[in-house]
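User: Could you take a close look at one part of this protein for me, the place where its two domains meet? I'd like to know what sits there and how the side chains around it pair up.

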Amino acid sequence: MSLAADRASRSLRLTALTKEFATFTAVRSLDLEVPAGSFFALLGPSGCGKTTTLRMVAGLEVPTSGSIHLGDDEITYEKPYRRPVNTVFQNYALFPHLDIHENVAFGLRRRKVKDVDRQVKEMLALVELESQAKKKPPQMSGGQQQRVALARALINRPEVLLLDEPLGALDLKLRRAMQIELKRIQTEVGLTFVHVTHDQEEAMTMADTIAVMNGGVIEQMGSPAELYENPRTTFVANFLGQSNLIAGSVASAEGDVVRVDMHGNQVSIPAERAHARSGEGWVGIRPEKVLLAPAGEPIDAPGNHLTGGIVTDVSFVGVSTQYLVQMPWGQELMAFEQNTGRRAVLAKGTKVDVSWRPEFSFLLPASQDVNAGVLEEA
């Protein structure tokens, strides 16, 4: 059931978009293109400008400068109701006195559209609520209300659907189920979804493309895998998952490998993942890519190999065990190991060697704050 097929698909384009309030600038000269039919996420901590950006696209905030285009049409100053854009908010904003059928039908009835009942039935089938049509919102769960809000927005056939923290009010298990559900619906209807969230897992589960925002600007944009595997800033490395960032100094940068001296060890980093080519830098490695073995024992995938570690903390979290390992230079590294049963959990105080494959590491400039993005996690 592709709603996008009703009209030529058009991309959403923001150009030098800026929003200044009396005491601060919420969004700074933002350039962004959201391809038609994609699931796009604006991800970042509270106060980073993501909701303000969404409100400008919806017409609920007027930009200080810059422009918003849908295809060739400029919509920067269009009234909200004149834009082919609908918004689903965190609080759903359903009418409690109307049943589900009439909640979804509301927009069509106001526009005196024909064949309302058939369209409502199709939309309730899409969100798998056909059997709930006669219930009222207070009789439904949070997840069901969320689907009603979605159906009510989609039935108006917007070109762009804006989702403002739509799963924030749901508990964890339901939120995860709804992430999959939202992605299914987006794929089925083929519309452009722009989703604002502070939840990294939510963005990575659903979005084709993520723009990580911080302080009113985009730090990095790309696919979830690209941002996670090859972050270009310490903020992205720390905010999207967790990272070990270790001080080092570039020894050589020739061909497709950059070599870094790191506390007396030389480690290799692929050139395409080295975002510093000289001087000081931060060597980055994700905790699940760090391999451990009792001191002197062979490690499965020898690569960048370090000795002299001591396990200082062990946390069993079901699917994995999370270790902190103090290295000879005093820093604690995080290592996550899948609980496959291949070997016993290492005890606190165990002396270990540490290794990771060079192709999994990355290098960031030392001028960037090593703690950026760490405390902002919601």
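Analyst: Here is a walk through the domain contact, followed by some charged and aromatic pairs elsewhere in the chain.

Keep in mind that this is a predicted model. The domain assignment splits the protein into domain 1 (12-229) and domain 2 (234-365), and their C-alpha centres lie 38 Å apart. On the domain 1 side 14 residues take part in the contact, and domain 2 brings 10 residues.

How much area is buried between domain 1 and domain 2? It comes to about 1100 Å², with carbon and sulfur atoms giving 62% of that. On the domain 1 side, look at Gln200, Tyr228 and Glu229: these supply 52% of the area that domain 1 buries against domain 2, more than any other three residues.

Glu229 is worth a second look, as it also forms a salt bridge with Lys289, with the closest N and O atoms 3.6 Å apart. Across the interface of the two domains there is 1 salt bridge. Lys289 has another partner too: its charged end sits over the ring of Phe360, 5.1 Å from the ring centre. A similar arrangement turns up with Arg152, whose charged end is over the ring of Phe95, 5.5 Å from its centre.

Now for the wider picture of charges: the model has 21 salt bridges. One of them pairs Glu159 with Arg10, the closest N and O atoms being 2.6 Å apart. Glu159 sits in the loop between helix H4 (142-154) and strand S7 (160-164), while Arg10 is in the segment before strand S1 (12-20), so this bridge ties together parts that are 149 residues apart in sequence. Glu159 is buried at 8% relative accessible area, whereas Arg10 is partly exposed at 24%.

Arg357 and Glu359 form a salt bridge as well, at 2.7 Å between the closest N and O atoms. Here Arg357 is partly exposed at 37% relative accessibility, and so is Glu359 at 34%. Elsewhere, Glu128, Arg147, Glu181, Arg184 and Glu188 are joined in a network of salt bridges.

Finally, the aromatics: there are 4 aromatic pairs. In one of these, the ring centres of Phe39 and Phe193 are 5.4 Å apart and the planes stand at 50°, so the pair counts as tilted. Phe39 belongs to strand S3 (residues 39-43) and Phe193 to strand S8 (residues 192-197), which puts the partners 154 residues apart. Phe39 is buried, at 0% relative accessible area, and Phe193 is also buried, at 0%.

Conventions
Residues are numbered from 1 along each chain as its sequence is written. This is a predicted model: local features need pLDDT of at least 70, side-chain atom pairs count only at pLDDT 80 or more; totals for chains, interfaces and linings use all residues. Side-chain values use heavy atoms; hydrogens and water are left out. Rings of Phe, Tyr and Trp (its six-membered ring) pair if their centres lie within 6.5 Å; planes under 30 degrees apart count as stacked, over 60 as edge-to-face and the rest as tilted. Helices (H or I, at least four residues) and strands (E, at least two) are DSSP runs, numbered from the N terminus. Buried means under 20% relative accessible area, exposed over 50%, partly exposed in between (1.4 Å probe, protein chains only). A charge sits over a ring if NZ of Lys or CZ of Arg is within 6 Å of the ring centre and within 35 degrees of the ring normal. Domain bounds come from an automatic or database domain assignment. Contact means heavy atoms within 4.5 Å. Buried area is the accessible area (1.4 Å probe) that two parts lose on being put together, summed over both. A salt bridge is a side-chain nitrogen of Lys or Arg within 4 Å of a carboxyl oxygen of Asp or Glu.
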